[in-house]
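This report describes a protein model and the ligand it holds. Please look at the structure below before reading on.

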Amino acid sequence: MKSKVIDLYFFSGTGNTLLVSKEIKKYFEENQFTVNLIRIEKSQHLEVDKSHTIGIAVPIAVQTTFPFCWSFINNLPETDEKTEVFLVTTRTMYSGGIIGPAKKILRKKGYITIGAKEIKMPSNFSPTKMFKLKNDDKKTSAGLIEARRFAHNLHYNITHWLDVNPVAGIVKKISLQKSFSWMRKHHKMYANESKCIRCGLCFKLCPVDNIEMINYPEFKDTCQFCMRCYHFCPTDAIEMTNMQIRKYTAVKAEELLK
Ligand SMILES: Cc1cc2nc3c(=O)[nH]c(=O)nc-3n(C[C@H](O)[C@H](O)[C@H](O)COP(=O)(O)O)c2cc1C
């Protein structure tokens, strides 16, 4: 790697991607790099230092990632400084619409795409009625080992980044153009007023300002289903129509607000 400074831009709904980002930071700091962890939801219009290596870490959602994470990638400035970039995703099973399409965008902007890795972590989107998932701790430990191995491979320049294929482009397009709006129509988030204590945590956590605190939380129409409000609500007052999701958090809510 060219630079000894890494700016690792991350988004994490429930903590998996934060844990992976921290593990990568830890590996590089043990090897005399400086790593800045920067939250994507606060970085849509940030000046990027093109002399640093750029890392991007995002969760998979409906086989791609959240539209606002794509906005971050799309908004990265062009570079003619041979800026190196790597990508990490966390997922439960399958993605398809991110690795190749992200490479295409970043190459076009002039970045050197040094490596991409998808890391398996526990699910934060499992319908409770379908199956009960166990072994979250085991999955997390295995995921963090993978994260560390990826950091090591980046350090020694032995990573790769798969090229775009037509299927990946189509998966991304369908997910972004259809799936999120379909979900907004069929699975509306709302606060159950009989349980809500009006603490405002959901409002503070929402990365896209979709929640207004009027008397109770009111949801607007830009939800991207990162599930933070749902999983971190201290009284389980945030509910979703037509679906029940198993509760899951990998870190404390404060970790995501820092
Ligand atoms: C709305 C939504 C859709 C998801 N879709 C997928 C998917 O298509 N494939 C997959 O492998 N995991 C999927 N997941 C699971 C997450 O990618 C996974 O649990 C991730 O590690 C969560 O990271 P976080 O805790 O940093 O938010 C989805 C999660 C959510 C909330």
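**Contacts of the ligand**

In this predicted model, a polar backbone atom of Met-93 is 2.6 Å from an oxygen atom of the ligand. Backbone N or O atoms of two other residues also face ligand oxygen atoms: that of Pro-122 at 2.9 Å, and that of Asn-124 at 3.2 Å. A polar contact here is a pair of N or O atoms within 3.5 Å. The ligand has 650 Å² of accessible area on its own, and the protein covers 94% of that area (Shrake-Rupley method, 1.4 Å probe).

**The shell around the ligand**

The ligand is surrounded by 24 residues, of which Thr-14, Thr-17, Ile-60, Met-93 and Tyr-94 come nearest (a residue is near if one of its heavy atoms lies within 4 Å). By type, the shell has 12 nonpolar residues, 11 polar and one charged; Gly counts as polar, and Tyr and Met as nonpolar. At least two shell residues come from α1 (16-30), and at least two from β4 (84-91).

**The whole protein**

Eight helices and nine strands make up the list of elements (DSSP runs of at least four residues for helices and at least two for strands). The radius of gyration is 18 Å, close to the 18 Å that the globule rule gives for 258 residues, so the protein is as compact as a globular protein of that length (C-alpha atoms; the rule is 2.2 Å times the number of residues to the power 0.38). Along the principal axes, the C-alpha atoms fill a box of roughly 55 × 35 × 35 Å.

**Basis of the values**

Residues are numbered from 1 along each chain as its sequence is written, and side-chain values use heavy atoms, leaving out hydrogens and water. Local features need pLDDT of at least 70 and side-chain atom pairs count only at pLDDT 80 or more, while totals for chains, interfaces and linings use all residues.

Conventions. Polar contact = N/O pair within 3.5 Å; in protein donor to acceptor, adjacent residues only side chain to side chain.
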